[in-house]
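Hi,

Here is the structure I promised to pass along. Have a look first, and my notes follow underneath.

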Amino acid sequence: MCKMQDCSLLQYCLSEERLENSQVDARLIVRMLIRRKNGDEVKAKAFNGRTFGDLMHHCDEIRAIHVMHTLIKRTVVTEVENFISSDLLVDDEELLKYFGKKRTNVHAITGAISCEHLGSALYLGLSAHDHSCAPDAHIRIRGRAAVLRSPNVGQTYSDKLTVSYALENMCQPTKQRRAELRNWFFDCRCKRCMDTEKDGYARSIKCHACSDGLCLVTDESTSLTCIKCSAVSPVTVDKANKMNEDVMKNIEILNNTKDYEKYAVFYKETAKILSKKNLPLAVLAFR
């Protein structure tokens with residue numbers, strides 16, 4: 001069940017950005033409808049045998065989010081009808097399936113360095129690849145071409161290779177990554193998300209009692225104990241979690257304001273408590 005106040009997908013659907021992108025959604029859906037009319041849903045196959053009929057649409061999940069479902073009908077359906085001729089028209093439920101297929105399988109086209117969102121595309125073959133927060137391959141888009149690459153020497157192609165669906169969020173702790181990935185209607189259970197110890201390091205704080213100790217911060221933590229000297233930290237779990245969240249929020253603000261002097265001061269203060277292995281702190285330092 002969707003908790004509306006926590007649903008990042010719903011927040012996106014209600015945003016101005018989402019409304020501005022309705023024409024982009026419509027154009028992609030229209031191209032899929034044209035393929036449907038031409039019989040390409042089954043005939044057209046990607047390099048790995050995947051067809052348009054194989055694409056998941058998650059209609060049940062979309063219908064469960066009533067506000068989102070209503071908004072789709074008001075924006076995307078209207079835009080699609082403005083683009084196509086009567087012989088391509090389908091009923092609202094069928095159109096919802098095509099919206100779901102686009103929403104679930106589309107790839108973002110971003111700048112090579114800035115990660116700025118430039119557009120969207122649906123690559124049929126590459127959409128077969130599942131997500132992992134520790135992927136063994138990644139997708140590079142050059143112009144209209146998309147290339148699947150793996151850092152593993154000698155790696156041959158397999159549709160079992162995993163990629164990241166949210167590459168820009170890979171430096172976030174597990175809780176934040178999982179929240180973002182619910183945009184694709186699943187709870188990530190990859191090896192990285194299931195590694196609570198590694199996530200504990202990613203959110204860790206310094207030990208107040210010894211010079212190089214640290215306390216892991218996990219969802220199961222009730223108190224914070226140094227893994228080296230066993231001293232219990234005076235910092236509460238709630239405070240440690242809030243500090244991690246504050247760092248991530250400030251990183252977003254920094255991306256927009258570029259006020260580096262202000263964040264240098266913020267970094268120095270935060271680094272007094274968060275450890276050198278803390279992932280949000282490391283990202284802030286990199287920025």
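How many salt bridges does the structure hold? There are twelve. Bear in mind that this is a predicted model, so the distances below come from computed coordinates.

Let me start with the pairs I looked at. Glu-41 and Lys-101 form a salt bridge in which the closest N and O atoms are 3.9 Å apart. Glu-41 belongs to helix H4 (residues 40–43) and Lys-101 to helix H7 (residues 92–105), so this contact ties together parts that are 60 residues apart in sequence. Lys-101 is a buried lysine, at a relative accessible area of 9%.

Helix H7 takes part in another one. Arg-63 and Glu-93 meet through their side chains at 2.7 Å, N to O. This pair also links distant parts of the chain, with Arg-63 in helix H5 (residues 59–64) and Glu-93 in H7, 30 residues apart. Buried or exposed? Arg-63 counts as partly exposed, with 32% relative accessibility, and Glu-93 counts as partly exposed too, at 33%. The pair doesn't stand alone, either: Asp-60, Arg-63 and Glu-93 are linked in a network of salt bridges.

Then there is Arg-203 with Asp-199, whose side chains meet in a salt bridge at 3.0 Å, N to O. Here Arg-203 is buried, at 5% relative accessible area, and Asp-199 is buried as well, at 9%.

The other thing I went through is helix H10, residues 237–257. It has 21 residues and reaches 30 Å from its first C-alpha to its last, close to the 30 Å expected at 1.5 Å a residue. Which of its residues are buried? They are Val-237, Ala-240, Met-243, Asn-244, Val-247, Met-248, Asn-250, Ile-251 and Leu-254. Looking down the axis of H10, these fall within an arc of 160 degrees, so they line one face of the helix. Asp-238, Lys-249, Glu-252 and Asn-256 are exposed on the other side of H10.

And what covers the buried residues of H10? The cover includes helix H9 (196–202), strand S5 (205–206), helix H11 (260–270) and helix H12 (279–286). Asp-199, from the salt bridge with Arg-203, falls within the residue range of H9, if you want to look at both together.

One last detail for your backbone checks: just after H10, Lys-258 takes a positive phi of about 60 degrees.

Cheers

Definitions and conventions
Residues numbered from 1 in each chain as written. Predicted model: local features only at pLDDT ≥ 70, side-chain atom pairs only at ≥ 80, totals over all residues. Heavy atoms only, no water. Helix = DSSP H or I, 4+ residues; strand = E, 2+ residues; numbered from the N terminus. Expected span 1.5 Å × (residues − 1). Buried < 20%, exposed > 50% of the residue type's maximum accessible area, 1.4 Å probe, protein only. Arc of directions from axis to C-beta. Contact = heavy atoms within 4.5 Å. Salt bridge = Lys/Arg side-chain N within 4 Å of Asp/Glu carboxyl O.
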